[in-house]
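Subject: Structure handover

Hi,

Here is the structure I promised you. Please open it and keep it beside this email while you read.

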Amino acid sequence: MAMELQIQVAQAVQVLNHDIQSCNRVAANQWLVQFQQTDAAWEVATSILTSNSSYVHDFEVELFSAQVLKRKIQNEGGCLQPEARTALQTALLLAAKRFSSGPPPEGHGNGSSAILELLTVLPEEVIEDQKNNATVSSARRWNFSQELLSHTPAVLEFLLQQSEDKVGELIQIHERNRKILRCLLSWVRVGCFTEIPQNTLPAHPLLNFVYNSLQVFSSFDLAVEVLTELVSCHEGLPQVLLCRMQSLKDGLLLPALTSGNEKIIFGLACLMAEIGQAAPGLIAEASPEALALADALLRCVSYQSEDWEIADSTLQFWCSVAGYLLGMEFERGSHKHMAFVTFIPVFTALLDALLLRAQVDSSDLSVDEPNGAFDIPDGLAHFRTNMEELLIDICHLLGPSQFIQKMFAEPWSSLEGPIPWQDVEVKVFVLNVVAEIVLQDAQPFDISVLMHLVMVLSNSSSGGHTGFMCWVQKSIAEVVGSYSKWVCSFHEAIVPLLLFLASGLGRFVAASACANALRRVCEDASKMLAEPSNLEVLLWIGEGLEEMHLHLHEEEDVISAIALVLSTVPNRELVNKSMERLLKSSYEAIELLLKIDSEGPLTQHSIGYAQLLESVARAFYRMGAIFTQLSTPVFSSSPGDETILLILRHFWPLLERIFSSDHMQNGCLSTAVCKALSQAIQASGRNFSALLSEVMDCLSRNFLSFQHHECFIRTAAVVIEEFGHEEEYGSLFISTFQMFTAADSVSALNSSYVCDQEPDLVEAYTSFTSTFVRCCPKEVVAAAESLVEASFQKAAICCAAMHRGAALAAMSYMSCFLEVCLSSILESSSCIVQGSFSNVALRICSHCGEGVISGVIYALLGVSALTRVHKSATLLQQLAAICKASERTNQNGIICWNSLQGWLLSTVQSLPVEYLNPGEAETLVPRWLNAMEGAALDYLESKKSKGGRASHGYMQGNGGRSLKLIIREFADTHRHTPPSL
């Protein structure tokens with residue numbers, strides 16, 4: 001049957017390629033396409049390549065068979081059984097051996113080409129499986145690769161004979177050499193040269209073939225890939241190739257740099273860089289060959305290409321060498337010291353080259369259409385980011401003083417003549433990168449040069465409004481922020497500095513850098529800026545924020561900076577008036593919105609209304625930022641409280657009216673209002689206590705009206721965080737808890753699917769319940785038994801959600817409750833009073849225990865299970881410890897160790913059969929129970945030995961670690977099972 005199919009394949013190939021009737025060719029093509037999809041195609045194609053039949057010398061049939069096998073290996077190779085793979089591999093290597101003797105005299109001689117293609121594919125199967133095929137076990141992959149490598153000598157011999165075959169036209173020889181290199185690359189990647197004695201590798205004939213292929217343009221790129229792969233895997237090769245670098249530099253690199261052949265330049269740069277990265281110690285010896293390599297790469301960095309890929313490819317080489325030099329221990333005058341000194345001029349020249357390549361050309365700036373801002377090319381931005389580590393290394397090598405001297409060595413730093421802004425911009429960029437090292441050196445450089453640039457740009461007549469000059473302003477502002485302590489010592493330039501930063505706030509590119517710099521300057525020079533003239537400029541900046549259209553975080557930087565300066569002003573009346581000026585536009589925007597609400601219908605879809613909503617939201621964010629600043633220790637005195645009360649007198653009435661309006665349906669506005677309220681509560685402390693009832697009413701009422709806005713729940717949690725410890729507010733907080741839990745959106749959290757639809761709500765609600773349990777007196781928590789139990793049950797469901805944040809928040813709440821419960825039981829000794837918190841907590845655990853076990857197991861069955869291992873193990877340890885501890889009390893009838901055993905058994909038995917491996921259900925329960933018991937005893941012992949005052953002892957002892965190991969193993973082996981709870 002197989003022979004008949006071989007004959008049919010040969011006939012179909014003949015018809016397809018040579019029949020003059022198109023209908024016959026179409027029919028032959030259709031038959032061959034169908035044949036390729038059959039299982040028989042494996043055997044037939046293999047037989048054609050290995051058989052001695054009359055078709056063996058028909059190149060077209062051999063080529064077709066080779067292509068069939070190549071496609072089937074690529075598409076179906078992973079599905080082959082081990083024995084089938086072995087048979088296929090043996091057959092292919094047999095064919096390779098047959099063709100290794102060269103072309104048969106009566107044939108076309110191209111069968112070897114087909115074998116080359118197949119030999120190229122086989123190692124790729126190992127590599128691709130490793131990257132993409134998670135279903136193939138590591139053991140199976142390792143076995144296959146070992147089988148493959150066992151045939152290395154035959155494969156290398158075949159490749160060597162092919163490389164020595166010079167029969168054919170020059171173009172054919174070059175094409176065959178490319179195929180040989182491609183095949184060799186596949187085998188190098190799978191580790192073929194590890195199978196031969198390593199001392200023979202440098203002299204291996206194939207290595208000479210690869211090196212010689214560098215000289216041929218058509219095979220250059222593949223030769224580079226092969227050598228790069230070899231250098232990274234075999235430690236003896238860098239020395240061998242380093243000796244050849246001078247000839248490569250003279251024969252290939254220098255002509256390529258002259259002619260602008262970027263393919264050659266880039267390839268050699270990558271290869272040379274790899275040599276240095278593989279053996280930085282070899283380069284650091286500063287031998288003539290090493291210095292020749294360094295010089296070659298310096299030329300690559302300096303090469304003016306349209307993009308930055310060539311220079312970028314060398315950066316890791318320089319970092320490796322610099323890191324090695326910095327890590328060397330040497331005595332002055334030693335060989336190592338001389339090598340170190342030899343490299344200083346090299347890195348100085350490298351710094352010059354980097355400064356040149358990192359310059360921003362104004363013609364390269366692109367316009368970002370939505371905001372009209374200018375941006376540098378992505379390639380340059382990427383190059384600048386990648387060179388930061390190298391710049392820091394060079395600063396360490398040269399020393400901060402010499403490095404700074406290098407930055408200011410140009411004529412423009414003399415403060416006379418025209419300023420070369422391109423040079424300035426790149427140098428201040430570099431200064432910002434190395435700021436941390438320079439500041440640690442504690443030797444301030446001449447800051448007057450920088451301040452001169454600030455004063456020039458702060459002068460509006462300088463005309464610095466082009467895209468490039470905005471970029472310059474951004475870079476200088478970043479340096480001002482980084483060196484703010486030194487900048488602030490230049491007292492006479494403070495006003496120009498403020499004006500410079502203010503002008504940058506109005507430019508999209510520079511706004512973030514200027515806002516950050518302003519905050520840093522105000523932090524470092526708050527008392528100097530509190531002087532009337534300086535304060536007036538700051539207030540002018542604050543009053544103009546509406547027109548600047550900054551991002552929220554930028555506005556927060558600016559407002560916080562101004563509020564910080566105001567905190568140092570001793571005159572409280574001046575402070576209060578300044579605050580009124582700062583917040584005037586905010587109050588006006590809020591009043592205008594409330595006026596629309598009271599005098600006419602809402603026009604939610606109008607542009608004007610949307611803009612007003614944004615202005616009001618920003619107003620509340622500004623007030624929140626001020627409240628945060630007022631809560632700092634500087635403002636903790638009674639005059640500070642006076643300022644807070646002054647703002648609250650305006651703030652709370654406006655807030656009440658906003659809470660009562662339909663505008664709160666807007667998510668951005670409600671978030672801003674709640675954040676401002678949270679910051680006001682945290683800042684004012686006891687000053688807010690009289691308003692707590694109204695606050696909680698507003699929050700709960702608004703949440704019931706707009707249940708997709710979880711910000712109301714988050715703010716309620718802040719209130720409990722601040723006032724929960726006071727028992728007098730217990731009934732108020734329980735009432736709020738009740739309203740949140742009864743809301744439709746929270747009631748609907750009864751499946752992991754719903755939790756995934758509302759992850760923010762889950763996080764907010766479980767955070768609120770955690771805060772309630774943690775901050776309220778135990779008597780208050782006990783009084784809310786039904787609410788706590790309901791929320792605990794929901795958390796057990798939510799911990800199996802696929803959304804990581806929601807699941808971890810639910811687990812955190814459960815862990816918080818179990819910790820409070822366990823601590824209370826241990827404090828109660830053996831006698832627990834009926835109705836006490838310990839009694840209530842044990843009842844909740846007995847009702848929800850199975851839900852906890854079930855939730856944890858389902859959480860460990862998801863695709864992101866490994867991120868939940870620690871919290872899952874902690875929950876199981878806590879629950880086990882509670883069961884053990886309760887057996888020592890008079891409440892062992894409510895919950896005991898048998899309860900835990902029953903919950904675990906019930907959960908495992910209710911799992912769908914496909915979720916567990918065969919026989920796992922029988923071994924899982926006893927194994928887990930044993931580990932949980934050890935972990936529980938570990939924790940209880942740690943509490944006992946330290947008088948119950950120990951911090952969480954979870955996962956610390958042998959028992960805890962064993963439990964975590966079992967949980968991790970379970971998650972790892974079941975992570976592809978889809979969870980459903």
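Below are my notes on three places in it. Keep in mind that this is a predicted model.

**L355**

Start with helix α19, which covers residues 335-357. L355 lies in this helix. Is L355 buried or exposed? L355 has a relative accessible area of 7%. Buried means under 20%, so L355 counts as buried.

Which residues does L355 touch, if we skip its neighbours within four places in sequence? The contacts of L355 are M407, V426, K427 and V430. Take K427 from that list. L355 and K427 are 72 residues apart in sequence. In space, their C-alpha atoms are 7.1 Å apart.

**S678**

Next, go to helix α36, residues 667-684. S678 sits in this helix. Its relative accessibility is 10%, so S678 is buried. S678 touches T715 and V718, once residues up to four places away in sequence are set aside.

**V495 and its patch**

Now look at the surface. Which residues make the nonpolar patch there? The patch is made by V495, L499 and W540. Its area is about 260 Å².

V495 belongs to helix α27, which runs over residues 494-505. The relative accessible area of V495 is 31%. Partly exposed covers the range between under 20% and over 50%, so V495 is partly exposed.

Try finding each of these residues in the viewer yourself.

Best wishes

Key. Residues are numbered from 1 along each chain as its sequence is written. This is a predicted model: local features need pLDDT of at least 70, side-chain atom pairs count only at pLDDT 80 or more; totals for chains, interfaces and linings use all residues. Side-chain values use heavy atoms; hydrogens and water are left out. Helices (H or I, at least four residues) and strands (E, at least two) are DSSP runs, numbered from the N terminus. Buried means under 20% relative accessible area, exposed over 50%, partly exposed in between (1.4 Å probe, protein chains only). Contact means heavy atoms within 4.5 Å. Patches are made of residues with over 30% relative accessible area and no salt bridge: like charges are joined within 9 Å, nonpolar side chains (Val, Leu, Ile, Met, Phe, Trp, Tyr) within 5 Å. Accessible areas come from the Shrake-Rupley method with a 1.4 Å probe; for residues, only the protein chains shown count as cover. A salt bridge is a side-chain nitrogen of Lys or Arg within 4 Å of a carboxyl oxygen of Asp or Glu.
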